[in-house]
Amino acid sequence: MRQINALITNTRGASPVSIILGMVILAGLFLFPKAVESPYALHIMILFFLSTIMGESWNIVGGYTGQYSVGHAAYFGAGAYTTMVLMQFKQIPPWYGMIAGIAVALVVSLIIGSICFRLRGPYFVLASIAVAEIMRLCAMNLKDLTNGAEGILATDIPPFTLGGTVITDFLSKVPFYYIGLVIAILTIAVTYLVQHSKLGYYFQAIREDQDAAHSLGINLSIYKNIALAISAVFTSLAGSFYAIYIGFIDPPTVLALDISVQIVLICIIGGIGTIWGPVVGSLVLVPLSEALRSNLIAQGIFKIGLASEESGVGIFLKDHLAHAHALIYGILVVVVILFMPDGVLGYVKKLTKKKAM
């Protein structure tokens, strides 16, 4: 309750323009499915919400606490597999499966934290990668539980009922849009409350100097594990939501290193340790990913005349650019680190200050 009051107090201190703008954007997001009926547009927005949830989740432990985990696919996969296994093999509705996924991710995070937080720097990063890889191998080999490399295909999602009344039947993308929007708003709100709480100050003290924080009486092990637990909860929610929305999961889809790297990239590009950094990072990465997947970048190069579609370069771009997302992401990260070390959000803030001066 005290945290909610702090949130209201800080909102009162904001400028009327920013409050009105925020309310307009929020209203626009809730009205978006009514104004835009395109399933593809809704799909892009759902991916944007999913990306935001993952980025905000990682930001708790990586951005505010300074523990750069590159193994968050472990919690993403824990949520996805728990939800799908319970739904397909035990006929338990996915909304209960999401709660079970949170519980599994919490247990996994406590086990991982108790072991890996004894390490620092690059050793912790390598340990986090190893844990996610162990979980991927377990999912591949425990065929009786996870169906192994064949994955799990959702044959049917039961309608969501409340008191015998069907709320939604999940036959369109609209229910998924609103679920993603609500979870994304919840994740951003939790990040805000953490940042402006005593807990958040402890996290940031650990990030700046662990030894100094410890000398001031901050229990490093406990607060690192709290940060990881919060992060794991929302990453698990993202994994459960992804599994229900896509309807199919397998180890390379939800437990691969690519997932962990993409989660980190969202924050690096947008701005690590900021509330809106993951949102900005998602605004960059989601359209870029879709443009690569659908070969829009190659088509754009052909249209502006930089290369001919029949030339050797053109044929190469058509055949390979759609699968070169890792290369493009790598180039993007290098550019951001060299020219925008604080991310896109930090770069925009610097430009705004220069203009104000």
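Trainee: Why is Cys 138 called partly exposed?

Mentor: In this predicted model, Cys 138 has a relative accessible area of 36%. Buried means under 20% and exposed means over 50%, so Cys 138 falls in between and counts as partly exposed.

Trainee: And what makes Cys 116 buried?

Mentor: Its relative accessibility is 4%. The cut-off for buried is under 20%, so Cys 116 counts as buried.

Trainee: How do you know that Cys 138 is in no bond with Cys 116?

Mentor: Look at the sulfurs. That of Cys 138 lies 14 Å from the closest cysteine sulfur, in Cys 116. A disulfide needs the two sulfur atoms within 2.5 Å, so 14 Å is too far for a bond. A search of the whole structure also finds 0 disulfides.

Trainee: Let's turn to the helices. Why are H2 and H3 called roughly antiparallel?

Mentor: Helix H2 covers residues 16-35 and helix H3 covers residues 39-64. They pack at an angle of about 150°, with their axes 10 Å apart. Angles over 145 degrees count as roughly antiparallel, so H2 and H3 are described that way. Their crossing is left-handed.

Trainee: Which residues make the contact?

Mentor: From H2 come Leu 29, Phe 32 and Pro 33. H3 brings Ala 41, Leu 42, Met 45 and Phe 49.

Trainee: How do the residues of that contact divide into nonpolar, polar and charged?

Mentor: There are 7 nonpolar, no polar and no charged residues where H2 meets H3. Ala, Leu, Met, Phe and Pro are among the kinds that count as nonpolar.

Notes:
Residues numbered from 1 in each chain as written. Predicted model: local features only at pLDDT ≥ 70, side-chain atom pairs only at ≥ 80, totals over all residues. Heavy atoms only, no water. Axes fitted to C-alpha atoms, helices over the stretch in contact; angles between N-to-C directions. Helix = DSSP H or I, 4+ residues; strand = E, 2+ residues; numbered from the N terminus. Parallel < 35°, antiparallel > 145°, perpendicular 65-115°, else oblique. Left-handed = near helix turned anticlockwise from the far one by under 90°. Contact = heavy atoms within 4.5 Å. Buried < 20%, exposed > 50% of the residue type's maximum accessible area, 1.4 Å probe, protein only.
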